[in-house]
Amino acid sequence: MKLFIDTADVKEIREAAAMGLLDGVTTNPSLVAATGRDMRSVLQEICSIVDGPVSGEVLATTYKEIMDEAHDLAAIAPNIVVKVPLIEDGLRAVKTLTGEGIKTNVTLCFSPIQAVLAAKAGATYISPFVGRLDDVGHEGMELVAQIVEAYANYGYKTEVLVASVRSPLHVLETIRIGAHVATLPFKVIHQLIKHPLTDVGLARFLADAAKIPAAKKS
Ligand code: E4P
């Protein structure tokens, strides 16, 4: 499974990259707005930190405007992936961008049928939002399982990028289902590493180690 971080905060990205676990980054307009910086400079800085795919989202909702924005974003760095909403003009833009060799991440996916349409348009990634489905009483990870099954049925190459992740359980399910990528908030990355039994075990080893007599010098 590939692990992306879902943030536009470059401090968090630097820290996650230093852990050696980071395969890529996803951003969205809300995350960029939270930084108080402009889209271009944030994406430029993120791409200078991370070699893997960095998703930057278009703000336009009509074909021509999406294409213009997509070209501007793609010019920022070779590892930019253009994030496009799952709407009619968005799918049309994805088809054209794919033909031009520009990578895309189709976002705001809430049904397996939408996911199949994105794959037919040639999307590089499809982003099902699992946490937002859980929030309205639907099993978000069930959607991921259905997309993985549908893609396997037809041999689509689009990668399933599990988004709107809220807890380590979403990550565990991602691994069990075999989705390609999970994009995680910084907090969840920390939660994945931490286990109380690891902390207790380490404290006991260190306490016992303090009782080991020093070796005699010959
Ligand atoms: C994914 O690409 C989105 O940026 C993100 O995962 C949305 O998560 P949220 O539902 O926590 O806002």
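Here are a few friendly notes on a predicted model, taken one region at a time.

1. **Cys-109 in strand β5.** Let's start with strand β5, which covers residues 104-109 and includes Cys-109. Is Cys-109 buried or exposed? Its relative accessible area is 0%, and buried means under 20%, so Cys-109 counts as buried.

2. **The surroundings of Cys-109.** Setting aside neighbours within four places in sequence, Cys-109 is in contact with Leu-86, Gln-114, Ala-115, Ile-126, Ser-127, Pro-128, Phe-129, Leu-143 and Ile-147. Try finding these residues in the structure. For another view of the same region, look at Thr-124: Cys-109 and Thr-124 are 15 residues apart in sequence, and their C-alpha atoms are 14 Å apart in space.

3. **Thr-107, also in β5.** Strand β5 also holds Thr-107. Thr-107 counts as buried because its relative accessibility is 1%, and the cut-off for buried is under 20%. Again leaving out neighbours within four places in sequence, Thr-107 is in contact with Glu-57, Lys-83, Val-84, Pro-85, Leu-86, Ser-127 and Phe-129. Leu-86, Ser-127 and Phe-129 are in contact with both Thr-107 and Cys-109.

4. **The largest pocket.** The largest pocket has a volume of about 210 Å³. Which residues are closest to its centre? Of the 18 that line the pocket, they are Asp-6, Asn-28, Phe-129, Arg-132 and Ser-164. Strand β5 appears here too: β5 and helix α2 (29-35) are the elements that give two or more residues to the lining. Sorted by class, the lining has six nonpolar, eight polar and four charged residues.

5. **The two sides of helix α9.** Helix α9 runs over residues 168-177, and its buried residues are His-170, Val-171 and Thr-174. Why do these three lie on the same side of α9? They cover an arc of only 100° around the axis, which puts them there. A general rule helps here: an α-helix has 3.6 residues a turn, so residues three or four places apart point the same way. On the other side of α9, Leu-169, Ile-175 and Arg-176 are exposed.

6. **What α9 packs against.** The buried residues of α9 pack against several elements: helices α7 (130-135), α8 (140-154) and α10 (186-193), along with strands β7 (159-162) and β8 (181-184). Before you leave this helix, look just after α9, where Gly-178 takes a positive phi of about 90°.

Methods
Residues are numbered from 1 along each chain as its sequence is written. This is a predicted model: local features need pLDDT of at least 70, side-chain atom pairs count only at pLDDT 80 or more; totals for chains, interfaces and linings use all residues. Side-chain values use heavy atoms; hydrogens and water are left out. Helices (H or I, at least four residues) and strands (E, at least two) are DSSP runs, numbered from the N terminus. Buried means under 20% relative accessible area, exposed over 50%, partly exposed in between (1.4 Å probe, protein chains only). Contact means heavy atoms within 4.5 Å. The arc is that of the directions from the helix axis to the C-beta atoms. On a 1 Å grid over the protein atoms alone, a cavity is a set of points where a 1.4 Å probe fits but cannot get out, and a pocket is an open set with protein on both sides within 12 Å along at least five of seven lines; lining residues have an atom within 4 Å of a point. Grid points are joined across faces, edges and corners, and a volume is the space filled by probe spheres set on the points. Ala, Val, Leu, Ile, Met, Phe, Trp, Tyr, Cys and Pro count as nonpolar, Asp, Glu, Lys and Arg as charged, and the others, Gly among them, as polar.
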